[in-house]
Amino acid sequence: MASKAQTKAKATPAKPRRMGDASHETWGRILDATEAVMLAEGYAAVSSRRIAKQAGVTAAAVHFYFGTLEDLFVALVRRRGERERERYRSALDSDQPLHALWKVTNDRAGAQLLTELQALANHRKVLRAELVKWAEEFRQIEQDALAKVQRQWKLDGKSIEPIALVTLAAYLSRSLVVEEALGVTVGVAETRALIERTIESLEPS
């Protein structure tokens, strides 16, 4: 038979753990440190102690602001997504969206970080769901921007679906950036030149 103390404990819901304010400078510093560690050493190197050392705070502070490492990774994805959202919108709203998007997605740090997060997401379902949510939001931004101008491109006299072309350009740019970061050189410059010539033929400067 349960004691009165046990019965009271079951009846009283646990209080939500107090979290650090996302507007605080330390919150951003911890996320900056996490990005730096992931870019330099990979996601496997991320730990509360390693991040604390990089950020110049205590391990307790990391847990105070983010609770768990999973919370930290999710916050990292959300901050990155919010920052990239406006860059995408600006690029796709320009007179030359292919040129602009190619420039935006040729971001070495961004591509490397996304690769690390995708690898980590294979082991963390919550993070995978967050990445999928942002990927779909960016795809919707692309569709809305292109539909607004009803843009059509033709290659060898045949129409190309705008969303397919924009998606292909984004994927190729990130893949090339990642290979370059690894030190791959064979075929990279030639592929980049081919893509840029194709973009120029579709969107003359």
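How many helices and strands make up the secondary structure of the protein chain? The predicted model has 10 helices and two strands, taken as DSSP runs (H or I of at least four residues for helices, E of at least two for strands) and numbered from the N terminus. Along the chain, the order of these elements is α-α-α-α-α-α-α-α-β-β-α-α. Residues are numbered from 1 along each chain as its sequence is written. Because the model is predicted, local features need pLDDT of at least 70 and side-chain atom pairs pLDDT 80 or more, whereas totals for chains, interfaces and linings use all residues; side-chain values rest on heavy atoms, with hydrogens and water left out.

Of the 205 residues, 37% count as buried, that is, under 20% relative accessible area with a 1.4 Å probe and protein chains only. Contacts (heavy atoms within 4.5 Å) between residues at least 6 apart in sequence join residues at least 24 apart in 67% of cases.

Helix α2 is a good place to look inside the fold. This helix covers residues 25–41 and reaches 24 Å from its first C-alpha to its last, close to the 24 Å expected (1.5 Å times one less than the number of residues). Its buried residues include Trp 27, Ile 30, Leu 31, Val 37 and Met 38, and the buried residues of α2 pack against α3, α4, α5 and α7. Among the buried residues of α2 is also Glu 35, with a relative accessible area of 10%. Leaving aside residues up to four places away in sequence, Glu 35 touches Leu 76, Arg 79, Arg 80 and Leu 113. After α2 comes Gly 42, with a positive phi near 90 degrees.

Leu 113 is itself buried in α7, as are Gly 110, Ala 111, Leu 117, Leu 120 and Ala 121. The 14 residues of α7 should span 20 Å, and the end C-alpha atoms are 20 Å apart, which agrees. At the N-terminal end of α7, Asp 107 acts as a cap, with a side-chain oxygen 3.4 Å from the backbone nitrogen of Ala 109.

Helix α7 also gives the largest share of the lining of the largest pocket, seven residues. This pocket has a volume of about 710 Å³ and is lined by 27 residues, of which Tyr 88, Leu 114, Gln 118, Phe 138 and Arg 174 lie nearest its centre. Two or more lining residues come from each of α5, α6, α7, α8 and α9. A pocket here is an open set of points on a 1 Å grid over the protein atoms alone where a 1.4 Å probe fits, with protein on both sides within 12 Å along at least five of seven lines, and lining residues have an atom within 4 Å of a point; points are joined across faces, edges and corners, and the volume is the space filled by probe spheres set on them.

Methods:
Buried < 20%, exposed > 50% of the residue type's maximum accessible area, 1.4 Å probe, protein only. Polar contact = N/O pair within 3.5 Å; in protein donor to acceptor, adjacent residues only side chain to side chain.
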